[in-house]
Amino acid sequence: MYLTTKDLKKSYGEGGSYSQVLKGINLEVEKGEMCVIQGTSGSGKSTLLNLIGGLDRMESGSVKVDGIEISGLGNKALAEYRRANLGFIFQFYNLIPNLTVRENIRVCQYLGKPAMDMGELLDTLGLTEHMNKFPSQLSGGQQQRCAIARALIKNPKLLLCDEPTGALDSKTSKDILVLLEKVNRRYNTTMLVVTHNNSIKNMMDHIVIMKDGMIVKNYINDNKIEAAMLEDL
């Protein structure tokens, strides 16, 4: 199994402000799966993503990615884990405003071994004609494509996506999801996608529904459809 969490727990605050955000999460994801994590605000889905990504510390339990147990890693080892294994895509693109598209992508190019080919990636994501533009010269969808390219250039084994279409209109959302599907098929990249959008689950291999810090549904999608066929985005 590529990704496994066991009895994963996380809480914040103390006394009257104490809140247990994750209440014992058990999850398994196969290599190359596209897995969606859904739930209302406060269900714990982004916290789960942050723990798997080594961006936050778990209270107890276990996270193992590609044979690496990350629960006991120090800061330096966690940074190496993120560098070697992960790509991150967020709702807000976090591009460097005074760098071009190519330069934004190049920031992460040499973090992975071997890195993806820049020209191939620009072509795959439809960015070749925009590679010398600055973020302010791009549409929202083009900026998200650039953010995806930046995450992918180091050839990550696991792509973590937190509301990747949350700031986009329906047509651009579908374009981005088609691109993620294309990347998954071409590079066999394992993907965890956190989203509020109920339609996205229909294109995913694996569906996880969270509520109040617990997984309430966890199943393989036997009726998966192409991203291009999604409705109500």
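**Entry 1: helix α2**

I started on the far side of helix α2, where Asn75 and Lys76 are exposed. A note to myself before going on: this is a predicted model.

Next I looked for the buried residues of α2, a helix that covers residues 75-85. I found Leu78, Tyr81 and Asn85. Looking down the helix axis, I see the buried residues of α2 fall within an arc of 55 degrees, so they line one face of the helix. My course notes fit in here: an α-helix has 3.6 residues a turn, so residues three or four places apart point the same way.

What do the buried residues of α2 pack against? I listed helix α1 (45-52) and the strands β4 (60-65), β5 (68-69), β6 (86-90) and β7 (158-162).

**Entry 2: the cores**

I keep reading that in soluble globular proteins, nonpolar side chains tend to be buried together. I went looking for that here.

The largest nonpolar core has 38 residues. Which of them touch the most other members? They are Ile105, Leu159, Leu180 and Met203. I then checked where the core residues come from: β3 (34-38), α3 (101-106), α4 (118-124), α5 (140-152), β7, α6 and β8 each supply at least two. The largest share comes from α5, with six residues.

I also found another core, lying apart from that one, with 27 residues. Among them are Tyr2, Leu8, Val65 and Ile70.

Back to Ile105 for a closer look. Skipping residues up to four places away in sequence, I got Met118, Leu122, Cys146, Ala149, Arg150 and Ile153 as the residues that Ile105 touches.

**Entry 3: cysteines**

Cys146 turned up in that list, so I looked into sulfur bonds, because a disulfide is a covalent bond between the sulfur atoms of two cysteines. How many disulfides does a search of the whole structure find? The count is zero.

I checked Cys108 by itself: it is in no disulfide, and the nearest cysteine sulfur, that of Cys146, is 10 Å away. A disulfide needs the sulfur atoms within 2.5 Å. Cys146 is in no disulfide either, and its nearest cysteine sulfur is that of Cys108.

Are these cysteines buried or exposed? Cys108 is buried, with 18% relative accessible area. The cut-off for buried is under 20%. Cys146 is buried too, at 0%.

**Entry 4: rings**

I remind myself that a pair of aromatic rings is described by the distance of the centres and the angle of the planes. I found one aromatic pair. The rings of Phe88 and Phe90 have centres 6.0 Å apart and planes at 5 degrees, so I wrote the pair down as stacked. Phe90 is partly exposed, with a relative accessible area of 31%.

I looked at Tyr2 as well. Lys31 lies over the face of Tyr2, at 5.0 Å from the ring centre.

**Entry 5: positive phi**

Most residues other than glycine have a negative phi, and most peptide bonds are trans. I noted two residues that have a positive one.

For Asp7, phi is near 45 degrees, a positive value in a residue that isn't glycine. Asp7 sits in strand β1, which runs over residues 3-12. I have Asp7 down as partly exposed, at 40% relative accessible area.

For Asn188, phi is near 55 degrees, again positive and again not in a glycine. I located Asn188 in the loop between α6 (170-187) and β8 (190-195). Asn188 is partly exposed, with 39% relative accessibility.

**Entry 6: two residues and their contacts**

Where is Thr195? I found Thr195 in strand β8, and it is buried, with a relative accessible area of 0%. Thr195 and Thr40 are 155 residues apart along the chain, and their C-alpha atoms are separated by 9.2 Å. Ignoring neighbours within four places in sequence, Thr195 is in contact with Val36, Ile37, Gln38, Gly39, Lys45, Glu163 and Ile200.

Then I tried Asn202, in the loop between β8 and β9 (206-211). Asn202 is partly exposed, at 30% relative accessibility. Ala151 is 51 residues from Asn202 along the chain, and I have 24 Å between their C-alpha atoms. With neighbours within four places in sequence set aside, the contacts of Asn202 are Asn221, Asn223, Lys224, Ile225 and Leu230.

Methods
Residues numbered from 1 in each chain as written. Predicted model: local features only at pLDDT ≥ 70, side-chain atom pairs only at ≥ 80, totals over all residues. Heavy atoms only, no water. Helix = DSSP H or I, 4+ residues; strand = E, 2+ residues; numbered from the N terminus. Buried < 20%, exposed > 50% of the residue type's maximum accessible area, 1.4 Å probe, protein only. Arc of directions from axis to C-beta. Contact = heavy atoms within 4.5 Å. Phe/Tyr/Trp six-rings, centres within 6.5 Å; stacked < 30°, edge-to-face > 60°. Lys NZ or Arg CZ within 6 Å of the ring centre and 35° of its normal. Core = buried A, V, L, I, M, F, W, Y, C linked by side-chain atoms within 4.5 Å.
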